[in-house]
Amino acid sequence: MTIRPLPLSFDTVILNGTVVTASDIAKYDIGITSGKISLLAPANSLSSAPATRTIDAQGGYVTPGGIDAHVHLAEPQLFGKGQAADDYKTGTRSAIAGGTTTIIAFAPQDKSSPSLLKALDETAAKAEGVAYCDYSFHMLLAVPTPSVLTEFKILRERGISSVKIYMTYELLQLRDNQILDVLLQSRQDGITTMIHAENGDMLSWMTDQLEKRNLLEPKYHATSRPQILENEATGRAIALSQLIETPILIVHVSSPLAAGTIRDAQTKGLPIFAETCPQYLFLTREDLAKPGYEGAKCVCSPPPRDGVDDLEGIWRGLQNGTFTILSSDHCPFEFDNAVAGKKAAIEADAPLGRFKYIPNGCPGVETRLPLVFSEGRLSPTKFVEVTSTNPAKLYGLYPQKGALIPGVSDADLVIWYPEEGLDEFELRNEMLHHNVDYTPFEGRRGEVVWDRDNGGVVGESGYGQFVKRGRSEFVQELGAWDPEKF
């Protein structure tokens, strides 16, 4: 056993903190050296330690930095009208301001492109040298040809260990046989497969029925995508996963009905993981029915559901472990923009817009952590688990990220100061750091909890680095798939 001497001095010391990980809460001082956690010491024991900077946590919670594993930045037009409002500079600036220190965004494959590697290179170039926080990428897979699937091995070598596929959207929708091809290759190469589970054919049919009746306003976006549509696709995705005997992650689950299907699969021991987002904890379809065109601000897919009972169902799934992670699905579009924003769906014969053309998505990378933390419905350890530790484990970043292990973990920390002495505020969009002209969570109340002593974002554009990822910690090495078992 090698005993390492303690540092003679630290770059930063954090005093008087209540340190929270996914498993423990205890009072510690923290010593940081060269960007790493170097020491967890008993409370007040480092008060006289030499340090370049000393921070008094004042008894507040000190947690690992948030990991937002579902962020859309600087993406091309993939879903029809609309252009992403945030690039890697503004999006990561917003992330940092909200306590998120690592994001995983998407590198989208164009339908006409024969290569995922080209998409990865193009996306990496957009992020390099401008990000405020660390970042990685999921590959967004549109054309799973045999040659594309052979690139999975190279992706792993380059530190990319996840792909996302869609069961809806004309430009991206894969048929079941294509999904099986992806799952088989993912099993072989240790890739985590993320699935957007909505039945695209049912959605198209429902949209046609509503248009025939001239039901076009934003509120009908929710009508076109009922819970049964999400649940059917979720059940089918689980069946496809079960055939290949490989894990999947169902992303941005909005429906308690689908959450129940996922829970049933998990109780049978199937490797099914799930993600939800704040919009399904705080918004309902009533938000899509706001006067005029205001409801378009809350159009996202899947849509917010019917009411309080549905919100409670999603909260319950977070609390009982049905949802492995909580991400933002930050998908930013300007509202007051008739060319590339939400108002692009307004036409002369549809003054309140055509819901099928409203760019789908809401901003949320900055508000994800404060909204859920302030609500107080998750224990501190569960909060860290679903917003930091589990994303790190699921996507091959643990224990570099999502933990506070001396000598191993990056010193990505968030201090949640105690409420005493903090000013209560009403959330306004002008407080935020994204490049979007609204937030769907406008008017919610909370407390100022971030960098109050230093005037906001203190990092610099370009500080964030690409982080290579390994395979998921939740999945053991799988042997060869044997069809004869069936």
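Here is a quick tour of the chain, its parallel sheet, one buried histidine and some aromatic pairs.

Bear in mind that this is a predicted model. The protein chain has 486 residues, and 56% of them count as buried. Its secondary structure adds up to 13 helices and 16 strands. Looking at contacts with a separation of 6 or more, 77% come from residues 24 or more positions apart. The accessible surface is about 19,800 Å², with 51% of that belonging to carbon and sulfur atoms.

Now for the sheet. It's an open one, built from eight strands in the order 6-7-8-9-10-11-12-13, with parallel pairing. Strand 6 (66-71) and strand 13 (325-326) sit at the edges with a single partner strand each, so one side of each has no neighbour in the sheet. Further in, strand 7 (residues 100-108) runs parallel to strand 8 (residues 134-140), and seven bridges hold the two together. If you want a spot to look at, isoleucine 104 has serine 136 in strand 8 as its bridge partner. Helix 12 (residues 368-375) lies across strand 6, strand 7 and strand 13, and runs at about 120° to strand 6.

Between strand 13 and helix 12 there's a loop, and histidine 330 lies in it. Is histidine 330 buried or exposed? Its relative accessibility is 0%, so histidine 330 counts as buried. What does the side chain of histidine 330 make a polar contact with? The partner is the side chain of aspartate 86, at 2.8 Å. A polar atom of the histidine 330 side chain also lies 3.2 Å from the backbone nitrogen of valine 365.

On to the rings: the whole structure holds 14 aromatic pairs. Two of them involve phenylalanine 137, as the table shows.

| Pair | Centre to centre | Angle between planes | Type |
|---|---|---|---|
| Tyrosine 88 and phenylalanine 137 | 6.2 Å | 80° | edge-to-face |
| Tyrosine 135 and phenylalanine 137 | 5.6 Å | 55° | tilted |

The pair of tyrosine 88 and phenylalanine 137 links distant parts of the chain: tyrosine 88 belongs to helix 1 (residues 88-97) and phenylalanine 137 to strand 8, 49 residues apart. Both of these residues are buried, and tyrosine 135 is buried too. Elsewhere, ring pairs tie Tyr61, Phe373, Phe383 and Trp416 into a cluster.

Definitions and conventions:
Residues numbered from 1 in each chain as written. Predicted model: local features only at pLDDT ≥ 70, side-chain atom pairs only at ≥ 80, totals over all residues. Heavy atoms only, no water. Pairing = 2+ DSSP bridges. Helix = DSSP H or I, 4+ residues; strand = E, 2+ residues; numbered from the N terminus. Contact = heavy atoms within 4.5 Å. Axes fitted to C-alpha atoms, helices over the stretch in contact; angles between N-to-C directions. Buried < 20%, exposed > 50% of the residue type's maximum accessible area, 1.4 Å probe, protein only. Polar contact = N/O pair within 3.5 Å; in protein donor to acceptor, adjacent residues only side chain to side chain. Areas by Shrake-Rupley, 256 points an atom, 1.4 Å probe, with all protein chains shown as cover. Phe/Tyr/Trp six-rings, centres within 6.5 Å; stacked < 30°, edge-to-face > 60°.
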